[in-house]
Amino acid sequence: PSGKVLGGAPLNVAFHAQELGAEAHVWSCVGDDDEGRACLATLKKFGIGTSLVKVDEDAPTGRVGVDLSPAGEPTYTIHEDVAWDAIPYPLLPERLELISRATGICYGSLAARSEANREVFNIIWKKDNLFKLFDLNLRPPFVDWDWIGEAMECSDALKMNTAE
């Protein structure tokens, strides 16, 4: 692919769940910028809920650069200090109600590079009635084996690519 593409395993899972008839939402954070507005517009276009997406006025929307080798192997540049480094825990009653109705969630190891997001994951892990799909990405320098081990123990299923 070339150009900008909206993605990431949690978003891809939400898209496919919605296509199969489930009520799907994305729980994330985007910047108050053109990319963030484009992300929200795309989610809405595909019927994916955005009430759990925070718009951060200070941090830019996250980006991951992908370069392909001649053999087709990707190399990733994961930009830091971006909006999804601070996924909010929704304390508003309507957000809590939405999360209490959820039956499944997909979350990724890359989001765990921030302590704020790790706190959100610790809350998710305590929910017994929630199917937890863990997207494992081993992208140095964002690899914390202790946290990854804990995440794997608390998850119901693991998604990873061949390299991982």
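**View 1. The side chains of Thr-61 and Asp-33 are joined by a polar contact of 2.6 Å.** In this predicted model, local features need pLDDT of at least 70 and side-chain atom pairs count only at pLDDT 80 or more, whereas totals for chains, interfaces and linings use all residues. Residues are numbered from 1 along each chain as its sequence is written, and side-chain values use heavy atoms, with hydrogens and water left out. A polar contact is a pair of N or O atoms within 3.5 Å; within protein, one must be able to donate a hydrogen and the other to accept it, and residues adjacent in sequence count only if both atoms are side-chain atoms. A polar atom of the Thr-61 side chain also lies 2.8 Å from the backbone nitrogen of Gly-31. Thr-61 is found in the loop between strand E2 (53-56) and strand E3 (64-68), where helices (H or I, at least four residues) and strands (E, at least two) are DSSP runs numbered from the N terminus. With 7% relative accessibility, Thr-61 counts as buried (buried means under 20% relative accessible area, exposed over 50%, partly exposed in between; 1.4 Å probe, protein chains only). Not counting residues up to four places away in sequence, Thr-61 touches Val-30, Cys-39 and Val-82, among others (contact means heavy atoms within 4.5 Å).

**View 2. Tyr-107 and Phe-121 form a tilted ring pair.** Rings of Phe, Tyr and Trp (its six-membered ring) pair if their centres lie within 6.5 Å, and planes under 30 degrees apart count as stacked, over 60 as edge-to-face and the rest as tilted. By this rule the count comes to seven aromatic pairs. In the pair shown, the ring centres are 5.1 Å apart and the planes stand at 35°. Tyr-107 lies in strand E5 (residues 104-108) and Phe-121 in helix H4 (residues 115-125), so the pair ties together parts that are 14 residues apart in sequence. Tyr-107, at 3% relative accessibility, counts as buried, and Phe-121 counts as buried at 5%. Ring pairs link these two residues with Trp-125, Phe-134 and Trp-147 into a cluster.

**View 3. The largest nonpolar core holds 24 residues.** Such a core is a set of buried Ala, Val, Leu, Ile, Met, Phe, Trp, Tyr and Cys residues joined through side-chain atoms within 4.5 Å. The members that touch the most other members are Trp-27, Phe-121, Ile-124, Phe-134 and Trp-147. Two or more residues each come from helix H3 (93-101), E5, H4 and helix H5 (145-154), and H4 gives the largest share, four residues. Leaving aside neighbours within four places in sequence, Ile-124 is in contact with Trp-27, Ile-105, Leu-130 and Lys-132. A second, separate core of 10 residues includes Leu-11, Val-30, Cys-39 and Leu-40.

**View 4. Helix H4 has its buried residues on the same side.** These residues are Asn-117, Arg-118, Val-120, Phe-121, Ile-124 and Trp-125. They cover an arc of only 155° around the axis, the arc being that of the directions from the helix axis to the C-beta atoms. What covers them includes E5, strand E6 (131-135) and H5. In helix H5, Trp-147 counts as buried at 5% relative accessibility, and its contacts, leaving aside neighbours within four places in sequence, include Arg-118, Phe-121 and Trp-125.
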